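The following account leads through the structure in stages, from single loop residues to helices and the largest pocket. Please keep the sequence and the coordinates at hand while reading.

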Amino acid sequence: CVCVCVFWEGGPSMLHYPLAARAVGWHFSANFTCKAHAKEASRLVAVSNVHCSGRYEALLVDAGGTLLQTAEPVEETYAAFGLKYGVKVSPLEIKKRFKSAFTEQWPVQLRYKGDGRTFWRHIVALSTGSADERYFEELYQYFARAAAWKLPCGAYENLSRLRNAGVKLAVVSNFDSRLRQLLKELSLTSLFTAIIVSSEIGYEKPAPQIFEAALSQLNVQPDKVVLVGDDPIADKDGANALGIDAWLWKKEIHSFQEVADRILQSNHS
């Protein structure tokens, strides 16, 4: 059973569902059980009037692998959906193949060009050994829906906390055209002053242009910004090259509460 954060106007809740059953079309009901979110069943009501003028004026957040986590491990999703298409590769083997395929050099400038189908079709085929277009399209559409994703516990609350304190927020992501709709379905769009998507601007991290686009839209200087992301090269090295601080997700920073605490403490020290 997997625990998925789902957000709507009333606030966050938890939806439990078995992936394999979902893959064959069963239906599920919401189950409000996440203790970390129980006291946040409605939107935050405390609003700070403090204007951010300290160490950090803005936070840049990576999407996939940081703000957005897959509801189930990718290899399990690929294996579960592949059953009816004759995919017999084990989740462990899919995981190994996926990692190898994902890290190989892509022959063109953008992996996520437009809807990203060309790239993801390649990844699915290498990971599973299947080039069945029906299988690929079912996976692609699944990951286009909010139910395929979850937020780290506390992400929504602490991003709201930062925004209310006057810290500007932006998503800066190597992602395809599905991202904006995903953020909308997860009720996250309103938190961010800017959403910078590589497939839209034609540059992927660590290229300086994608970070410069965020700085321009937020109207901030690099030394007043910190980025949180999970990729040492794309996120940390790319940001640092422009003078932007960067914290590696799950290595240097472990929760969005820690992110918010560190930013707000530095701004009041």
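Where is the place of Lys 250? In this predicted model, Lys 250 sits in the loop that runs between strand S9 and helix H12 (256-267). Its phi is positive, at about 70 degrees, although Lys 250 is not a glycine. Ser 187 is likewise not a glycine and has a positive phi, of about 60 degrees. The loop that holds Ser 187 lies between helix H8 (179-185) and strand S7 (194-197). With a relative accessibility of 16%, Ser 187 counts as buried, because the cut-off for that class is under 20%.

A further backbone feature is found at Pro 206, which belongs to the loop between helix H9 (198-201) and helix H10. The peptide bond that joins Lys 205 to Pro 206 is cis, with omega at about 15 degrees. Lys 205 also appears among the residues touched by Ser 173.

The protein as a whole contains 12 helices and 9 strands. Of its 269 residues, 49% are buried. When contacts between residues at least 6 apart in sequence are considered, 67% join residues at least 24 apart.

Ser 173 offers a local view of such packing. This residue is part of strand S6 (residues 168-173), and its relative accessibility of 1% places it in the buried class. Leaving aside residues up to four places away in sequence, Ser 173 touches, among others, Asp 62, Ala 63 and Gly 64, as well as Ile 196, Val 197 and Ser 198. Another buried serine, Ser 160, has a relative accessible area of 7% and is located in helix H7 (residues 155-164). A polar atom of the Ser 160 side chain lies 2.9 Å from the backbone oxygen of Tyr 156.

How are buried residues arranged on a helix? In helix H11 (residues 232-240), the buried positions are Ala 234, Asp 235, Gly 238 and Ala 239. Viewed down the axis of H11, these residues fall within an arc of 95 degrees, so they line one face of the helix. They pack against helix H10 (208-218), strand S8 (225-229) and strand S9 (245-248). The N-terminal end of H11 is capped by Asp 231, which has a side-chain oxygen 2.8 Å from the backbone nitrogen of Ile 233. In helix H6, the buried residues are Tyr 135, Phe 136, Leu 139, Tyr 140 and Tyr 142. Their arc around the axis is only 165 degrees, which puts them on the same side of H6.

Both of these helices recur in the lining of the largest pocket, which holds about 1,700 Å³ of space. The lining consists of 48 residues, and those closest to the pocket centre are Gly 64, Phe 98, Phe 102, Tyr 112 and Asp 230. Two or more lining residues come from each of strand S4 (69-70), helix H3 (74-82), helix H4 (91-103), helix H5 (117-128), helix H6 (133-142) and H11. The most is given by H4, with 6 residues. In terms of class, the lining comprises 23 nonpolar, 9 polar and 16 charged residues.

Helix H4 also contains Lys 95, which is partly exposed at 48% relative accessibility. The C-alpha atom of Lys 95 lies 10.0 Å from that of Ala 79, and the two residues are 16 apart along the chain.

Technical notes. Residues numbered from 1 in each chain as written. Predicted model: local features only at pLDDT ≥ 70, side-chain atom pairs only at ≥ 80, totals over all residues. Heavy atoms only, no water. Buried < 20%, exposed > 50% of the residue type's maximum accessible area, 1.4 Å probe, protein only. Helix = DSSP H or I, 4+ residues; strand = E, 2+ residues; numbered from the N terminus. Arc of directions from axis to C-beta. Contact = heavy atoms within 4.5 Å. Polar contact = N/O pair within 3.5 Å; in protein donor to acceptor, adjacent residues only side chain to side chain. 1 Å grid on protein atoms, 1.4 Å probe; cavity = no way out; pocket = protein on both sides within 12 Å on 5 of 7 lines; lining within 4 Å. Points joined across faces, edges and corners; volume = space filled by probe spheres on them. Nonpolar A, V, L, I, M, F, W, Y, C, P; charged D, E, K, R; others polar.
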